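Biologist: I am new to this one. Please show me the sequence and the model, and then let me ask how each label is earned.

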Amino acid sequence: MTAIVPPLLDAHIHAQIASATRTGLVHLLGGSWPRSNGGKHLFVKFTSARYGAAYRTVGVGASSAVPTGLFVSTSAGFTWGQGCYVTPLLYPVSNAIYGRCGIVAEADPAGWRLFDATDPVSQQLYLDWASFQPYYRALTLTTHSQLANQYLRNAFRRQYRIDCVVFPPDELNPHYTRRRVDRWLAVSHWSGSGDLAAGYCSRFLNPRLAVVLAEEFEASHRGIGRRSVIGPTSLPIDHVQLARDIATAYNTSSIATVTA
Amino acid sequence: MNTALQLASDFIERAGNHAFGQEINEEYVLRWERLKLSGTPIATLGIADLSREDIGVLSLDAWLWLGSTLGVDDPEYPAPFVDALFKSTDDPIQRLRVADMSLRHPALAQRYAQLGEPQSLDECPQSWVKSWLLALTRQQEPMEGGIEEMAVLLLQVGNHPALRLLRALRRTRTDMVDGVIRTMRGISEDNFADFINRLRL
């Protein structure tokens with residue numbers, strides 16, 4: 001798609017994306033990222049028990065029709081618009097605030113076009129881009145804030161064909177989610193016509209229920225936070241060991257339980 | 001009366017109407033995707049037969065969500081129906097969303113890909129936007145703001161069909177379209193021609 005923003009801004013955005021893409025998601029995040037038996041990196045998406053059960057592949061009640069990818073969220077209110085919201089298994093319980101069933105899947109992020117929204121330069125470029133949109137004033141000066149954000153961020157990701165936005169958590173829990181450390185991903189699922197698609201994101205392979213959390217969360221701070229109802233029995237949570245345990249469960253087709 | 005749609009309306013509202021909140025929306029969208037894994041729910045809804053009289057069955061949000069789920073093999077909302085959706089609101093953001101949804105149907109992208117470069121509105125593949133633009137350009141007393149609104153809207157949507165339609169519109173209403181472009185942030189006389197060339201308008 002041809003950009004309507006000034007060519008210099010367009011070039012800067014392309015350059016920033018190219019730089020993050022050359023770095024690659026693995027090096028961008030660092031750390032010992034757990035992998036599948038097949039060597040691919042593992043990602044986790046927490047969902048409610050009702051829908052997590054569809055990804056159960058072992059035991060009583062194992063699903064006979066496991067979805068082939070991870071669900072794409074289309075509702076307004078998701079940080080970077082329509083996409084598949086996951087975390088690398090580096091941050092094993094970071095998005096557990098959204099449900100007690102952790103669906104783990106493997107993927108190869110090599111070559112993903114990345115937009116690092118944790119980088120202040122990238123952030124400013126996006127804000128500058130948004131300010132040149134013809135509907136910028138209408139989108140930002142009306143009551144439709146969630147719709148406006150969704151529209152603008154979808155448009156930005158389409159314009160620059162961004163496969164993955166890396167961003168810090170923006171709904172927090174003091175025990176499970178670490179704003180300064182954890183990184184969330186909004187991963188694009190493209191249609192044949194080059195648009196953002198809904199459904200199940202097929203980049204994520206062999207999804208299965210691999211972790212169940214003995215915890216409940218409820219919204220707090222007017223929706224910005226998620227308070228643990230039960231709370232961890234011991235602190236701090238050993239995220240590194242937890243990631244290993246969940247990876248082992250995935251690789252042995254079993255389910256790890258994380259007790260509160 | 002579209003009975004199937006009426007029966008499904010509560011479900012579709014919970015999937016698409018933001019008034020239900022993100023968690024409910026997410027739950028029902030997930031249920032919708034699971035339905036699609038085992039069947040063809042779209043085929044039961046009579047999309048191709050929708051008329052102006054069906055507007056009240058769903059909220060605008062729900063219509064927009066349902067329209068955005070239509071794939072390349074699914075029917076498009078009929079042009080008179082989209083026309084009614086567009087005119088059901090004065091809110092510029094909602095009107096943008098209606099046009100955006102209509103311009104992003106994958107079948108429309110295919111028609112433009114197969115056609116090449118239309119030189120006039122008449123040569124453009126059939127769509128609600130084409131019909132509306134033709135109506136606007138042929139009115140003896142042009143609707144105030146109609147062409148300007150559509151020019152901004154097409155620039156914002158910015159996909160291939162939108163820009164081809166804008167080019168065709170510019171050929172018949174050059175001054176109006178150029179007037180809109182000149183008001184855009186970052187556009188000056190120095191770079192106006194470059195902007196036109198870049199977007200192949």
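Modeller: Let us start with Arg170(B), which sits in helix α9 (residues 160-172) of chain B. Helices (H or I, at least four residues) and strands (E, at least two) are DSSP runs, numbered from the N terminus. This is a predicted model, in which local features need pLDDT of at least 70, side-chain atom pairs count only at pLDDT 80 or more, and totals for chains, interfaces and linings use all residues. Residues are numbered from 1 along each chain as its sequence is written, chains are lettered from A and ligands numbered from 1 in the order in which they are written, and side-chain values use heavy atoms, without hydrogens and water.

Biologist: Why is Arg170(B) called buried?

Modeller: Buried means under 20% relative accessible area, exposed means over 50%, and partly exposed is in between (1.4 Å probe, protein chains only). Arg170(B) has 15%, so it is buried.

Biologist: Which residues does Arg170(B) touch?

Modeller: Residues up to four places away in sequence are not counted. Arg170(B) then touches Val177(B), Asp178(B), Phe192(B), Ile196(B) and Leu201(B). Contact means heavy atoms within 4.5 Å. Leu201(B) is 31 residues from Arg170(B) in sequence, with 7.4 Å between their C-alpha atoms.

Biologist: What makes helices α10 and α11 of chain B oblique to each other?

Modeller: Take the axes of α10(B) (residues 174-182) and α11(B) (residues 189-198): they come within 11 Å and cross at roughly 120°. Axes are lines fitted to C-alpha atoms, for helices over the stretch in contact, and angles run from 0 to 180 degrees between N-to-C directions. Angles under 35 degrees count as roughly parallel, over 145 as roughly antiparallel, 65 to 115 as roughly perpendicular, and the rest as oblique. The pair falls in that last class, and α10(B) and α11(B) are therefore oblique.

Biologist: Which residues meet there, and of what class?

Modeller: From α10(B) come Asp178(B), Ile181(B) and Arg182(B); from α11(B) come Glu189(B), Phe192(B), Phe195(B) and Ile196(B). By class, this contact holds four nonpolar, no polar and three charged residues. Ala, Val, Leu, Ile, Met, Phe, Trp, Tyr, Cys and Pro count as nonpolar, Asp, Glu, Lys and Arg as charged, and the others, Gly among them, as polar.

Biologist: How do α1 and α2 of chain B cross?

Modeller: The axes of α1(B) (residues 3-16) and α2(B) (residues 22-38) come within 6 Å and cross at roughly 120°. That makes α1(B) oblique to α2(B).

Biologist: Is the crossing of α1(B) and α2(B) left-handed or right-handed?

Modeller: Left-handed. A crossing has that name if the near helix is turned anticlockwise from the far one by less than a right angle, and is right-handed if clockwise. The crossing of α10(B) and α11(B) is right-handed.

Biologist: Now chain A. How do you know that Ile13(A) is buried?

Modeller: Its relative accessible area is 1%, so Ile13(A) counts as buried. Ile13(A) lies in helix α1 (residues 7-29) of chain A. Beyond its neighbours within four places in sequence, Ile13(A) contacts Leu125(A), Trp129(A), Phe156(A) and Tyr160(A). One of the buried residues of α5(A) is Phe156(A).

Biologist: Why is α5(A) called largely enclosed?

Modeller: Twelve of its 15 residues are buried, so the rest of the structure largely encloses α5(A).

Biologist: How do you know that the length of α5(A) agrees with its residue count?

Modeller: The expected span is 1.5 Å times one less than the number of residues. For the 15 residues of α5(A) (residues 145-159) that gives 21 Å, and the end C-alpha atoms are 21 Å apart, which agrees.

Biologist: What is notable about the phi of Arg161(A)?

Modeller: Phi of Arg161(A) is positive, near 50°, and Arg161(A) is not a glycine. Most residues other than glycine have a negative phi. Arg161(A) lies in the loop between α5 and β6 (164-167) of chain A.

Biologist: Why is Arg161(A) called partly exposed?

Modeller: At 36%, Arg161(A) falls between the two cut-offs, so it is partly exposed. Asn206(A), at 43%, is partly exposed too. Asn206(A) is in strand β9 (residues 205-214) of chain A, and has a positive phi of about 50° without being a glycine.

Biologist: What follows helix α6 (residues 106-115) of chain B?

Modeller: Gly116(B), with a positive phi near 100°. The buried residues of α6(B) are Pro106(B), Ala107(B), Leu108(B) and Tyr112(B). They pack against α5 and α9 of chain B.
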